[in-house]
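Q: I'm new to this one, so could you walk me through what things are called and how you can tell?

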Amino acid sequence: MYLQSLHIKQFRNYIDQEVAFTAPKTVIVGNNAQGKSNLLEAVLLLATLRSHRVSKDRDLVRNGESVGEIRAICQRSRSVESYPVELLMRMRVSGKRTLNVNGVNQAKHLDFLGNLNTVMFSSLDLDLVRGSPESRRNWLDTVLIQLEPIYINLLQQYNQVLRQRNALLKSIKQGVIQYEPQQMALWDAQLVTAGTRLIRRRSRLLERLIPIARNWHQAISGGGEYLEITYVPKFAFTSMQAVEVVQQNFFEAILQKTIIEQHQGTSLVGPHRDEVLLTINDTPAREYGSQGQQRTLVLALKLAELELLESVIGEPPILLLDDVLAELDLQRQDHLLNAIGDRVQTIITTTHLGSFDAQWLDSARIFQVEKGEIVS
Ligand SMILES: Nc1ncnc2c1ncn2[C@@H]1O[C@H](COP(=O)(O)OP(=O)(O)O)[C@@H](O)[C@H]1O
Ligand SMILES: [Mg+2]
């Protein structure tokens, strides 16, 4: 996977900026709040159609403008049979997006995805261990969207059912409408059908990630620590269960919450509430060890993501390292840099070059960013 160039207009704090990625490694240097993360966010958006920082397009469009644009030229591999593809995403304050591949509008997200694959590793990722379950669910969703683009449709379908069911529960709570068991049963059935798809895909993804993450984790920590990752819905679940069994258990869990859901006016069971349990030596990872050990775990998870995407897609994805290299000690930096080699195109942001290996910088193209502009 090779990103040749990026052209962003009225995106975040940029007005009109082109960047050519001429080396396998690009380093973006700049002080805080100059636009380093914004640049990586633009690349991530093309790969996943999601931002890791916000959920509304109005935050992505430059303040005071109505339309923002991200354009990129990328290539699946560097072999001669592979042609460059031009991707264009327009986002509007109104929320309406336009997606375009090689000059042709794409009505479906599904047809846009899969042209560019990335792994983002940012300081926000420490939340994977210490933060709320939402950050872990988002992580799985971002990987799944790239591994199986159809997943973005499944996610949209679920979210739509969830929104409508929540609206109904809220109206019941407010006394606007009366609880009708038969009407609710229809929504329950849809929630269970759409939700079970997400649950099963997320748990299958974890099963593929676990052995790879465990290898990395043992290599970086020097062994002696046993990592376990488990997908935990709000009902008894194993990945071995037949789909009908999962649906039945999901359904029963909803029934048990009938009264409390009406009282709270929201859906309490489903993949929007699930947890991903990370444990090391049988202790929840957030309670285990030092911050350094938690960083090791996040690094292992990210390297597993990279390796899995590469093996499925057949090409290494683009690695986006947002402000994390300086946070890793030299030993962890080494693991990361060795894993990347020259194979993986990498874009790195940093506030200072001091903590970088000199030999490593030799092969990198360095850009300086200031107030939403690349100045050198
Ligand atoms: N929609 C927007 N319009 C204009 N400026 C924005 C917008 N969103 C973010 N910014 C600005 O972008 C800057 C932060 O950029 P960021 O890439 O996160 O910085 P850093 O270089 O620290 O990674 C801040 O100055 C912020 O005000
Ligand atoms: Mg930043």
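**Sheets, helices and a ligand**

Q: What makes β9, β10 and β11 an open sheet, and what is their order?
A: The 3 strands line up as β9-β10-β11, with antiparallel pairing. The strands β9 (227–232) and β11 (283–284) sit at the edges, and each of them pairs on one side only. Keep in mind that this is a predicted model.

Q: How do you know that β10 and β11 count as a pair?
A: Pairing takes at least two bridges. Strand β10 (residues 275–280) is joined to β11 by 2 bridges, so the pair meets that cut-off. The two strands run antiparallel, and Thr279 stands opposite Pro284 in β11.

Q: What holds paired strands of a sheet together, in general?
A: Backbone hydrogen bonds do that job, in either a parallel or an antiparallel arrangement.

Q: Which strands make up the sheet of 6, and in what order?
A: That open sheet runs β2-β1-β4-β5-β6-β7, and its pairing is antiparallel.

Q: Why are β2 and β7 called edge strands?
A: Each has a single partner strand, so one side of β2 and one side of β7 (104–105) are left without a neighbour in the sheet.

Q: How do you know that β1 has partners in β2 and β4?
A: Count the bridges against the cut-off of at least two. Strand β1 (residues 2–9) has 7 bridges to strand β4 (residues 67–75), and 5 bridges to strand β2 (residues 16–20), so both pairings qualify. Both are antiparallel too. For a residue view, Lys9 stands opposite Glu69 in β4, while Ile8 has Gln17 in β2 as its bridge partner.

Q: Which residue takes a positive phi in the hairpin of β1 and β2?
A: Gln10 does, with a phi near 45°. That hairpin has 6 residues between its strands.

Q: What makes β4 and β5 a pair?
A: They share 9 bridges in the antiparallel sense, and since at least two are needed, β4 and strand β5 (residues 84–92) pass. One of the matches puts Ala72 together with its bridge partner in β5, Leu87.

Q: Why are α10 and α11 called roughly parallel?
A: Look at the angle: the axes of helix α10 (residues 291–313) and helix α11 (residues 330–340) cross at roughly 5° and come within 11 Å. Angles under 35 degrees count as roughly parallel, so the name fits α10 and α11. Arg295, Thr296, Leu299 and Leu303 of α10 make the contact with Arg332, His335, Leu336 and Ala339 of α11. By class that gives 4 nonpolar, 2 polar and 2 charged residues.

Q: And what makes α5 and α7 roughly perpendicular?
A: Here the axes of helix α5 (residues 133–147) and α7 cross at roughly 90°, coming within 10 Å. The range for roughly perpendicular is 65 to 115 degrees, so α5 and α7 earn the label. Leu140, Val143 and Leu144 in α5 meet Arg201, Arg202 and Leu205 in α7. Sorted by class, this contact has 4 nonpolar, no polar and 2 charged residues.

Q: How do α6 and α7 pack, and what is the hand of their crossing?
A: Helix α6 (residues 150–173) and helix α7 (residues 181–221) pack at an angle of about 145°, with their axes 9 Å apart. Their crossing is left-handed. The contact includes Tyr151, Leu154 and Leu155 of α6, and Trp187, Gln190 and Leu191 of α7. It has 11 nonpolar, 4 polar and 3 charged residues.

Q: What makes a residue part of the surroundings of ligand 1, and which ones come nearest?
A: The C-beta atom has to lie within 6 Å of the ligand. There are 14 residues around ligand 1, and Asn13, Lys36, Ser37, Asn38 and Asn63 come nearest. By class, the shell has 2 nonpolar, 8 polar and 4 charged residues.

Q: Which element gives the most to that shell around ligand 1?
A: Helix α1 (residues 36–48), with 3 residues.

Note on methods:
Residues numbered from 1 in each chain as written. Chains lettered and ligands numbered in written order. Predicted model: local features only at pLDDT ≥ 70, side-chain atom pairs only at ≥ 80, totals over all residues. Helix = DSSP H or I, 4+ residues; strand = E, 2+ residues; numbered from the N terminus. Nonpolar A, V, L, I, M, F, W, Y, C, P; charged D, E, K, R; others polar. Axes fitted to C-alpha atoms, helices over the stretch in contact; angles between N-to-C directions. Left-handed = near helix turned anticlockwise from the far one by under 90°. Contact = placed C-beta atoms within 7 Å. Parallel < 35°, antiparallel > 145°, perpendicular 65-115°, else oblique.
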